[in-house]
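I am opening the notebook on this structure. My plan is to look things up and write down what I find.

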Amino acid sequence: MADAAVRGIRAPAMGRQMTVRKFARRKSTIAFLMALPLILLILALVIYPAIYSMYLATLNKSMQHFVGLSNFTFLFKRTTFWMVVKQSVIFACTAVFFKMLIGIFLANFVHTIPAKGQRKWRGMLMVSWVIPTAMSAITWFWLFDPSYSAFNWLLAKINVGPIPWLGEPHWARFAVILVNVWAGTPFFMIMYLAALKSVPEQLYEAASIDGASWWQRLWYVTLPMMRNIISITVLFSLIVTFANFDIVRILTNGGPVDQTQIFATWAFQLGIQGNDIPLGASVSLFMFPILGISAFFILRGVRKRSNET
Amino acid sequence: MAATAEISAGAGRVARRGSIKGSRRKALFWSYVFLVIFVIFFLTPPVYMFITSLKSSGEISAAVNPWWVFHPTLDNYTALLGQRQFLIFFRNSAVVALSVVAITMLISVPAAFALARMKFWGSATLATGVFLTYLIPESLLFIPLFKIFAFIRDTTGIELINHWWVLVILYPTLSVPFCTWIMIGYFASIPKELDEAALIDGAGYIQMLTRIFIPVALPGIIAATIFAFTVSWADFLYPLAFTTSADQLVLPVGIITTLIKGDVYNWGQIMTGSLLCAAPPLIIYAFLMDYYVAGLTAGATKG
């Protein structure tokens, strides 16, 4: 009797629990199904190839024998490899630094002028970001052309040059960095402009009443307020710039004599053109450390940012 | 004595206020100066693209001012647009970009909805994973993917390499993670009350997505669409690695590989082609700048 009563009381409760659980299960099943194409895509075309490239890197050229780490020891012995490492680091660090610097200044300039004209200026400054990189790179190549360079024509007017923009290693390095800065700066500017809009106006008013100059306001008010977004953009751009392919490929194709070669272009040359897929895979794997470190800090920054707001 | 002190203090205040106004005017002046300099820097290549596209090859190789068009002609445009090959590049690019946009939206919108609203086992990890895959660059993936596709050919006989539609398979790896990531941000910003109300009214999850979330998050969807389109329109590495036959190329690679024959550069046509290739993204940008900017900034500010 008591048993029955207890059961009688329990049954509806259990029933409700069951439906809730079933409901939850149903909800999560639907959710899982909705996310399934995404999961499959990421697993099949991103995660699997990424792991597969580590396996590829341990094979010989004909991909029939396991050779362990000998691809890497082979690379370490080649001077070209160390040149590529050096050039990749110089290329990425210099380009990212200037993109950040110009981005900060441009954002501040745009922010200083009356709100009415800001859209127009921002619009003109972002054109280089919108044009497909391959197309702007080929235009720069034409501007740098050894015999018809439009820049050299201008420089000749003031009795300078002709400058071998892409023919001489130092100038070629300068040129690929310049074009990368040209193409990538708008991203920084737009991010910083968005961040500037969220800095409270009172801080600037207080600073100017205290007699702070333009520089002081930039250094003591703006930059501390934007620290988080600056680190996110720099790390993000570091990944993208390290992995850059089209600008270097089109402008110099790694030349003169591999002096401007970076990881992606060299991996392409060895792996696809040279038909040595394992060696190409080994080269591209060197992008992983910088990728991992940057990704870790970006994620931390983004989390911190979403906690703040 | 006290009076003079007061006066000098007052004068100081006036002078300081004057200097605030003065420094503001100075900042404004220098802002404009630098903006003009940088706008010239940023607009030089596209302007030069346009200048060259209006020149005949005779004028290009003549020793005259390269920054001016003396005999403007549309020959390059008619030559290029009358060329079957160029139209094939354009068609390939358009079909690839539009298909990728459709696929990206079909995959990322439901997934973002599921990840933002319907928590399931591992959904938080997956959201982070989506962001991390977005950070994996294509230059790391093209070699293993090339080998995988070659392997598929050897085992099943399905030839993927050197067909333009292989790009429809490849480009979603670039567009889907980012689009999902920004859609998660947009969906998460929609108030919870809205879906509770919908559930009480008896709407299912699919209805909730199509009737409420998609309309409310439309700006985000437009931003994601623009991103997917521009990425698949502009990419260079995948088509260069995966397609080689002239009739399978897309615009960027087609222009660079077919208009440059050995050491002969047909600069008039190359610049015209580049301009025509840059036109669709530029037009989208001109009309939808705010969405474009929103898509750009959403990655780091939302989610």
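First query: does A:A281 count as buried or exposed? I note at the outset that this is a predicted model. I counted 28 C-beta neighbours inside 10 Å of A:A281. The threshold for buried is 20 or more, so A:A281 counts as buried.

**Entry: surroundings of A:A281**

I placed A:A281 in helix α14 of chain A, which covers residues 277-285. Next I listed its contacts, leaving aside neighbours within four places in sequence. From chain A I found A:S53, A:L56, A:A57 and A:G271. From chain B I found B:I143 and B:P144. I also checked A:T241, which lies 40 residues from A:A281 along the chain. The C-alpha atoms of A:A281 and A:T241 are separated by 19 Å.

**Entry: α14(A) against α6(B)**

The chain B contacts led me to helix α6 of chain B, residues 138-156. What angle do α14(A) and α6(B) make? I read about 155 degrees, with the axes 9 Å apart. Angles over 145 degrees count as roughly antiparallel, so that is how I describe this pair. The crossing of α14(A) past α6(B) is left-handed.

Then I wrote down who meets whom. On the α14(A) side I have A:I277, A:G280, A:A281 and A:S284. On the α6(B) side I have B:S139, B:L140, B:I143, B:P144 and B:K147. Sorted by class, the residues of this contact are five nonpolar, three polar and one charged.

**Entry: the whole contact between the chains**

I stepped back to chain A against chain B. How many residues does each chain bring to the contact? Chain A brings 78 and chain B brings 77. On the chain A side, helix α1 (residues 2-56) gives the largest share, with 19 residues. I sorted the chain A side by class as well: 60 nonpolar, 16 polar and two charged.

**Entry: domains**

I looked up how each chain is divided. Chain A has domain 1 at 1-56 and domain 2 at 70-308. The centres of these two domains, taken over C-alpha atoms, are 44 Å apart. Chain B has domain 1 at 2-53 and domain 2 at 75-301. For chain B, I get 41 Å between the domain centres. The contact between the two domains of chain B takes four residues from domain 1 and seven residues from domain 2. On the domain 1 side I count two nonpolar, two polar and no charged residues.

**Entry: positive phi values**

Most residues other than glycine have a negative phi. I therefore noted the exceptions I came across, A:V257 among them, with a positive phi near 40 degrees. A:V257 sits in the loop between α12 (246-251) and α13 (263-273) of chain A. I found 10 C-beta neighbours inside 10 Å, so A:V257 counts as exposed.

A:D258 lies in the loop between α12 and α13 of chain A too. Its phi is positive, about 60 degrees, and A:D258 is not a glycine. Is A:D258 buried or partly exposed? With 18 C-beta neighbours inside 10 Å, I logged A:D258 as partly exposed.

**Entry: α9(B)**

Last, I checked helix α9 of chain B, residues 192-200. How many of its nine residues are buried? The count is zero, and I noted the helix as hardly covered. Just after α9(B) comes B:G202, with a positive phi of about 90 degrees.

How values were computed:
Residues numbered from 1 in each chain as written. Chains lettered and ligands numbered in written order. Predicted model: local features only at pLDDT ≥ 70, side-chain atom pairs only at ≥ 80, totals over all residues. Domains from an automatic or database assignment. Helix = DSSP H or I, 4+ residues; strand = E, 2+ residues; numbered from the N terminus. Nonpolar A, V, L, I, M, F, W, Y, C, P; charged D, E, K, R; others polar. Buried ≥ 20, exposed ≤ 12 C-beta atoms within 10 Å, placed from the backbone. Axes fitted to C-alpha atoms, helices over the stretch in contact; angles between N-to-C directions. Parallel < 35°, antiparallel > 145°, perpendicular 65-115°, else oblique. Left-handed = near helix turned anticlockwise from the far one by under 90°.
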